[in-house]
Amino acid sequence: MRRGTGMGRGGRPGWKALAVTMGGWLLGGCGEQVSPSVRLSTRVCSGTPVLEGVRYLRWRVTGVGLEPVERFTPVEEGVRGAPAVASGKGRVLEVRGYTDLPVSGGRVVAVGRSHASDWSATPEGSTVDVALRRVGEYTRPSLDGDACLELAEARAGHTATLLEDGRVLLAGGFQLDSEGRPSSLASVEVFHPSRGSLERLPDLSAARAFHTATRLPDGQVMLVGGEVWTAGEAVPLKVAQVLDVAAARSTSVEWAHARGRHAAAVDASGRVLVVGGVGEGGRVVTEAEGYDSTTGRVFSVATPVARVGMGAQALGDGQRIAVVGGSDGVTLQPDVLVFAYQEDSFVPVSGGGVLREPRRDAALVPFGSGERLLYVGGHASPGEALTDTLLASSEMVLSEGALNAGAAPQVFARSGPCAVALPDGRVMTLGGRGFGSGGLVSDPHAELLFPGKDGSGAGVLGMKNLERPRYEHTCTVLEDGAVLVAGGVEDDGGERATLGDLFVYTPPPLD
């Protein structure tokens, strides 16, 4: 298996798995300057070695009150090529690997970006971690040696949440035994993207799967509802847990209704709307609820939302939340509901539209501008997905004065795809449940969807299939624009297994 070391173009020696240099600090005539210590990781256990064919590195530093500083250096200089800049706040170091200088037709083959941090011109200096990854490839982080990084526990139906410091919180989920029977998980771990490592955290107070995880404005993460398997039955949960990862503590919040497989979204002021899901006795939960993170108050929502398999997403400036698609268990729901917080609760407001093609278990994600949502894939059955109800389409939900459903790109037919919005407006979809011999199986397809200009039609770029197809996995956009994919279920129509791998895909930059 190839690692993140090797020979560069023309027989150039590659870097070792982890290149480190200790930067210094300078006092210049133009004010305090800082050249931070840069730890640049190129260690992977799969895919093309990161520096293969790289001749030049482009270093670019941005930050508060700083004109971007950019320079190209030969790859042999390593991290010594990082530029010195004025000390200050919110500094970000981006590194790109080029096959040659751009003026000579060089192209970008590797990208990495640091977490925003304050750089100080002191003898202690600042340390910056950057993971440089190959673009357009699925890569797996490597431990020391040839071993690939694995989750502490194989999991599916879990949540993955990007934290304020750039790490990803992976919580709960379920695991299948050798007989295919599920058991809920209470384990929690954190992925460090810049280091390519995992850290185990204390277990949740209650095991749960098919819950929601919402990052609140203060950086805490609220896990709501979910299911725990007891004596072979899925029992919905009523108690939520709010995790403060930075302070290593948590608090419990009691909701009025137990539910799992629901949807949740937070508005710009930190108020969480929770709708639908499956409750006690397998009934569809009609009652919607809200939570005010500034006061810790749980409140009821008068408008019923009896749905499962729907999506919820904040719109535009975050003052409104759209609830799209799903089923009441008997009938697909075509209405797009829009809520805003008024007079101590969430209330329906104008702007709702109607889907052209009602569906459930689709993926709802921002697309292009913050005023557009894309509803991708899913199926046209009010109950469980069937092979003849899988949808190879998507719909646009627009918010320009009023919400209107509109046509959007054709996609691979699948239910429950994982879809994420990239910082440049593109949407990436991966996996789900698709067609197979004899029924539904894990789907390997991945796509990049491009928004059209001025709201015009969008385009689709097919990507290399996943090495292992999966559903009930998570996809998380990292701070550097790469996508972390973790866990899921691999099902070939006969055998089912819970996956414990994780990998990163770095989309080719548009600039």
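Select A263 to begin, and then V275 in strand 26, which stands opposite A263. The model is a predicted one, in which local features need pLDDT of at least 70 and side-chain atom pairs count only at pLDDT 80 or more, whereas totals for chains, interfaces and linings use all residues. Residues are numbered from 1 along each chain as its sequence is written, and side-chain values use heavy atoms, with hydrogens and water left out.

**First hairpin**

Extend the selection to residues 263-266, which are strand 25, and to residues 271-275, which are strand 26; the two pair in the antiparallel sense over four bridges. Strands here are DSSP runs of E with at least two residues, numbered from the N terminus, and two strands pair if DSSP finds at least two bridges between them. Strand 25 and strand 26 form a hairpin with four residues between them, and G270 in the turn has a positive phi of about 85°.

**Second hairpin**

Move next to residues 221-224, strand 21, which pairs with strand 20 through four bridges in the antiparallel sense. Within this pair, L223 in strand 21 is the residue opposite A213. Five residues lie between the two strands of this hairpin, and in its turn G219 has a positive phi of about 95°.

Now show the side chains of strand 20, residues 212-215. Which of them point to one face and are buried? T212 and T214 do, while A213 and R215 point to the other face and are not buried. Buried means under 20% relative accessible area, exposed over 50%, and partly exposed in between, with a 1.4 Å probe and protein chains only. In a regular strand the side chains alternate between the two faces of the sheet.

**Charges over rings**

Select R261 together with F210: the charged end of R261 sits over the ring of F210, 3.7 Å from its centre. A charge is taken to sit over a ring if NZ of Lys or CZ of Arg is within 6 Å of the ring centre and within 35 degrees of the ring normal. A further example is R433, whose charged end sits over the ring of Y471, 4.8 Å from the centre of that ring.

**Aromatic pairs**

Searching the whole structure gives 10 aromatic pairs. The pair to select is Y341 and F346, whose ring centres are 5.7 Å apart and whose planes stand at 80°, so the pair is edge-to-face. Rings of Phe, Tyr and Trp (its six-membered ring) pair if their centres lie within 6.5 Å, and planes under 30 degrees apart count as stacked, over 60 as edge-to-face and the rest as tilted. Both Y341 and F346 are buried. Then select Y138, F503 and Y505, which form one aromatic cluster.

**An open sheet**

Select residues 502-505, strand 47, which runs antiparallel to strand 13 and is joined to strand 13 by two bridges. The bridge partner of T139 in strand 47 is V504. Widen the view to the open sheet of four strands, where the order is 13-47-44-43 and the pairing is antiparallel. Strand 13 and strand 43 stand at the edges with a single partner strand each, so one side of each is left without a neighbour in the sheet.

**Disulfides**

How many disulfides does a search of the whole structure find? The search finds two, a disulfide being a pair of cysteine sulfur atoms within 2.5 Å.

Select C45 and C148, whose sulfur atoms are 1.8 Å apart in the disulfide that they form. C45 lies in the loop between strand 4 (37-41) and strand 5 (56-63), and C148 in the loop between strand 13 (138-139) and strand 14 (159-162), so the pair ties together parts that are 103 residues apart in sequence. The torsion about the S-S bond of C45 and C148 is about 105°, so this disulfide is right-handed. C45 counts as buried at 1% relative accessibility, and C148 counts as buried at 15%.

Go on to C418 and C475, which a disulfide joins with an S to S distance of 2.2 Å. This pair links distant parts of the chain, since C418 is in strand 37 (residues 418-421) and C475 is in strand 43 (residues 474-477), 57 residues apart. C418 is buried, with a relative accessible area of 10%, and C475 counts as buried at 12% relative accessibility.

**The whole chain**

Finally, show the protein chain, which has zero helices and 47 strands. Of its 511 residues, 54% are buried.
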